[in-house]
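Colleague: I've got this model open and I'd like to walk through it with you. Can you take my questions one at a time?

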Amino acid sequence: MTPASSISSNGMPASKTSVRNSTITPTLLESSNGDDVGQEGLRVAKAYDVERTHSSDYILRSGFAGGLAGVLTFIGARQAKSIIAPLDRVKILFQTSSPEFAKYSGTRLGVWRAAHKIYSQNGILGLFQGHSATLLRIFPYAAIKFVVYEQVRSVLISRPEQETNVRRVLSGSLAGVSSVFFTYPLELIRVRLAYETRKDQRASFVRICTQILNEGRPAPSSTSGGRRIRNLRGLHNFYRGFSPTVLGMLPYAGVSFWTHDTIHDIFRSQLLAPYAVADGSLSSDRHVPLTVWAQLTAGGLAGMVSQTASYPLEVVRRRMQVGGTLKEKKFPGIWTTARVIWFEHGFRGFFVGLTIGYIKVIPMVSCSFFVYERMKIVLGI
């Protein structure tokens with residue numbers, strides 16, 4: 001017989017009724033300490049949340065929130081772009097061992113000397129070379145990443161007992177790989193623009209695209225099969241270095257989302273919840289936001305840990321991406337490129353420019369997560 005306390009005024013079980021009215025929280029349900037009604041209510045609440053997450057309305061709203069988070073974060077970063085953008089270009093030149101700038105890497109004031117040389121050769125615009133591709137990439141990249149994460153997470157973690165570290169990392173990894181796959185050509189163009197240091201002609205978006213398209217392509221053919229191979233080769237060029245990118249994105253995005261969610265759990269603990277949760281409660285409900293400082297801290301730590309975990313593969317990727325610009329026109333694979341870096345610079349070669357990466361990534365990831373979480377509240381998701 002159903003207990004009177006679990007019957008609502010309309011005759012339905014109170015757990016299911018309150019779920020439909022969105023008034024039931026995991027904390028209240030878990031507080032029953034094994035009570036069947038509480039556990040059943042928690043499962044119903046989770047199932048309701050999963051169903052809502054898969055709706056087209058939720059997907060559109062979360063995509064807009066993610067894209068807006070990326071754009072607003074980027075706009076915020078542009079307020080300090082006199083520091084961030086030049087440093088980003090110097091980092092790419094260091095990572096790719098540019099013949100003109102490799103001598104500055106790892107030296108005292110090396111970053112300053114490299115930036116000064118770029119300025120003396122190309123003026124102020126030279127410090128922002130490659131910025132246009134970043135502008136085109138930021139919204140779709142962020143939107144796809146957050147949408148896929150929410151969808152994959154709802155599938156892999158559909159019940160409270162499935163909330164494990166492995167599933168969290170896997171959700172973030174799949175989200176990162178998906179966003180990179182659709183926006184990688186713009187990333188490659190950005191790197192090639194930043195790597196271009198020729199004095200005889202100014203780097204342009206169209207010229208770089210044409211150059212990438214024609215690298216390593218077979219001679220024009222009169223047969224349909226030959227033309228198809230030539231076109232496929234040209235498109236394939238825009239995904240040069242994609243393999244290490246995927247391998248690097250697995251730890252980067254996976255560790256980023258995992259660290260973010262783990263820090264959230266820590267802040268929602270009994271010790272820190274009064275200071276870190278917006279309403280000061282001990283609720284484990286993800287819909288209850290953290291305070292500003294707690295959310296920014298969670299995002300910043302996520303950026304730092306993920307950047308460190310994936311940085312060696314980022315260096316390998318950069319070296320592969322600029323292979324077509326070298327005189328020898330070499331297109332080595334992952335392991336060949338990694339061996340070259342090891343023989344040239346040793347272990348430190350895989351972390352060249354990491355400090356610059358911290359300066360850029362930590363505030364951007366922190367702001368990105370913060371804006372996304374706040375936009376979810378504004379949009380009612």
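What follows is a chat that goes from the whole chain down to single residues.

Modeller: Before we start, this is a predicted model, where local features need pLDDT of at least 70 and side-chain atom pairs count only at pLDDT 80 or more, while totals for chains, interfaces and linings use all residues. Residues are numbered from 1 along each chain as its sequence is written, and side-chain values use heavy atoms, with hydrogens and water left out.

Colleague: How many helices and strands does the protein chain have?

Modeller: Helices here are DSSP runs of H or I with at least four residues, strands are runs of E with at least two, and both are numbered from the N terminus. Counted that way, the protein chain comes to zero strands and 15 helices.

Colleague: What share of the residues is buried?

Modeller: Buried means under 20% relative accessible area, exposed means over 50%, and partly exposed is in between (1.4 Å probe, protein chains only). The protein chain has 381 residues, and the buried share is 48%.

Colleague: Of the contacts with a separation of 6 or more, what share comes from residues 24 or more positions apart?

Modeller: A contact is a pair with heavy atoms within 4.5 Å. Among the contacts in the protein chain with a separation of 6 or more, residues 24 or more positions apart account for 70%.

Colleague: On to charges. How many salt bridges turn up in the whole structure?

Modeller: A salt bridge needs a side-chain nitrogen of Lys or Arg within 4 Å of a carboxyl oxygen of Asp or Glu. Searching the whole structure for such pairs gives 15.

Colleague: How far apart in the chain are aspartate 261 and arginine 153?

Modeller: Their side chains meet in a salt bridge, 3.5 Å from N to O. Aspartate 261 is in helix α11 (residues 242-267) and arginine 153 is in helix α7, so to speak a link between distant parts of the chain. Both residues are buried, and their separation along the chain is 108 residues.

Colleague: In the pair of glutamate 163 and arginine 168, which residue is buried?

Modeller: The two form a salt bridge, with the closest N and O atoms 2.9 Å apart. Glutamate 163 is partly exposed because its relative accessibility is 30%. At 6% relative accessible area, the buried one is arginine 168.

Colleague: Why are glutamate 314 and arginine 318 about one helical turn apart?

Modeller: They form a salt bridge, the closest N and O atoms being 3.4 Å apart, and both are buried. They are about one helical turn apart because, in helix α13 (residues 292-321), their separation is four residues.

Colleague: Which residues join these two in one network of salt bridges?

Modeller: Shared partners tie the salt bridges together, with Glu314 and Arg318 among the members. Glutamate 187, another member, sits in helix α8 (residues 165-195) and is buried because its relative accessibility is 5%. Besides Glu314, Arg318 and Glu187, the network takes in Lys91, Arg137, Arg190 and Arg317.

Colleague: Where does α13 kink?

Modeller: The end C-alpha atoms of this 30-residue helix are only 38 Å apart, short of the 44 Å a straight helix would reach (1.5 Å times one less than its number of residues). The bend at a residue is the angle between axes fitted to the seven residues ending there and the seven starting there. For α13 a kink of about 55 degrees lies shortly before proline 312, at tyrosine 311.

Colleague: And at which residue does α15 bend?

Modeller: Helix α15 (residues 354-378) has 25 residues and reaches 35 Å between its first and last C-alpha, close to the 36 Å expected. Its bend is about 25 degrees, with proline 363 following within four residues, and lies at valine 361.

Colleague: Which residues does glycine 357 touch?

Modeller: Glycine 357 lies in helix α15 and is buried because its relative accessible area is 0%. Leaving out residues up to four places away in sequence, glycine 357 touches Lys91, Gln307 and Ile362.

Colleague: Last one: is phenylalanine 347 buried or exposed?

Modeller: Phenylalanine 347 is in the loop between α14 (334-345) and α15. Its C-alpha is 9.4 Å from that of proline 312, 35 residues away in sequence. Because its relative accessible area is 55%, phenylalanine 347 counts as exposed.
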